[in-house]
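Trainee: Please take one part of this model, the surroundings of the ligand, and describe it closely. I should like to follow the account from the individual atom pairs outward to the elements that carry them.

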Amino acid sequence: MSDIEKVTCLIIGSGPAGYTAAIYAARADMSPVLYQGMQPGGQLTTTNEVENFPGYPDGVTGPEMMVQLEAQAKRFETDVRFGFITKVDFSGPVHKAWTEDGHEIHAETVIISTGASAKYLGLESEQKYLKLGGGVSACAVCDGFFYRGQKTVIVGAGDSACEEAHYLSKLCEKVTMLVRRDEFRASKIMAERVKNTENIEILYNTETEEVLGDGQVVTGVRVKNNKTGEESTIEATGFFVAIGHKPNTDIFADYINLDETGYIKYEKPGTSLTNVPGVFVAGDAADHVYRQAVTAAGTGCMAALDAERYLAAKGH
Ligand code: NDP
């Protein structure tokens, strides 16, 4: 078909991983085409202030940083496109991808940087304060600092929740952890650490009914004990949700090796290689451990360098 587009490097996703891959690929003359995906700019666009990305001594807002990364990628002539890839076929030597409007792309190399999405409870009040940037967060390492000396609530009972509760406990006056069952899902060692931390209070069998606020910022949380039906209010300025992430990898599942929770498995540790030659991965689509903008950017660089080497080995 004549409208098939041939590209050297297709980058799927526009978080720090995708844009960094684009900067490197563009500067290596790979003429990358980057599809921004459902949430242009990725998870950072829902973060307020980013204070831990090196090189920004005064901090930067998440959306502002993504605008700058996009501009930097475009400066080297990355073809940044609004739209998303809905289907791929990695079964042959040419990697095929289709956009939502049916446009077919044949790529010599593909860099997957589709990221992951934090799961939220879905309560109206939670979403309201999340959108307002008024005290709801799914990343304690990113946002905990803003709640120094204050009271926070964290939902979840897995390893992430334990790690984040412990992190918050070092900054906050008090952390209340809401566990929906009567036990943790987390590994014993992580759960024990939380249980042994003085300023963490654990409420078992407890679910969030409503995130309370003054219309601008969070002021507390109304909770319910799902065994007794008893309701109570907890005073807090920060509401953290740590109930897991979902990697955005569904469209790759038929071709790319994923772990049991959907994260892409590296073919070779210390590289960005997937099981399909010519297809590389960067950022949170393969990382459930670090999940930071700076680590995503680092792996974006790795993916572009690996793609360049792959092409060079093919005599490109
Ligand atoms: P998990 O899926 O392991 O845990 C999610 C937690 O959130 C569970 O306790 C679950 O409760 C709870 N939850 C889910 N939905 C709701 C809800 N609607 N309301 C209240 N609670 C809810 O996710 P994690 O992000 O914690 O971990 C993901 C993976 O990453 C795991 O394999 C983990 O071991 C790993 N990890 C490892 C770390 C480390 O080793 N340092 C650090 C962080 C993560 P329930 O138990 O009732 O289902």
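Mentor: In this predicted model, a backbone N or O atom of Ala157 lies 3.1 Å from an oxygen atom of the ligand. Two side chains also take part: a polar atom of Arg181 is 2.7 Å from a ligand oxygen atom, and a polar atom of Glu163 is 3.0 Å from a ligand nitrogen atom. Each of these is a polar contact, that is, a pair of N or O atoms within 3.5 Å; within protein, one atom must be able to donate a hydrogen and the other to accept it, and residues adjacent in sequence count only if both atoms are side-chain atoms. The protein buries 71% of the 920 Å² that the ligand exposes when taken alone, areas being computed by the Shrake-Rupley method with a 1.4 Å probe; for residues, only the protein chains shown count as cover.

Two points of method apply. Local features need pLDDT of at least 70 and side-chain atom pairs count only at pLDDT 80 or more, whereas totals for chains, interfaces and linings use all residues. Residues are numbered from 1 along each chain as its sequence is written, and side-chain values use heavy atoms, with hydrogens and water left out.

The ligand occupies the second largest pocket. A pocket is an open set of points on a 1 Å grid over the protein atoms alone, with protein on both sides within 12 Å along at least five of seven lines; a molecule sits in it if more than half of its atoms lie within 2 Å of its grid points.

Around the ligand there are 15 residues, of which Asp159, Ser160, Arg180, Arg181 and Arg185 come nearest; a residue counts as near if one of its heavy atoms lies within 4 Å. Helix α5 (residues 159-169) supplies three residues, the largest share of this shell. Helices are DSSP runs of H or I with at least four residues, strands are runs of E with at least two, and both are numbered from the N terminus.

The same helix also has a buried set: Ala161, Cys162, Glu164, Ala165, His166, Leu168 and Ser169. Buried means under 20% relative accessible area (1.4 Å probe, protein chains only), exposed over 50%, and partly exposed in between. These buried residues of α5 pack against two helices, α4 (140-143) and α6 (188-195), and against the strands β11 (151-155), β12 (174-178), β13 (200-203) and β17 (238-241), contact being heavy atoms within 4.5 Å.

How values were computed: 1 Å grid on protein atoms, 1.4 Å probe; cavity = no way out; pocket = protein on both sides within 12 Å on 5 of 7 lines; lining within 4 Å.
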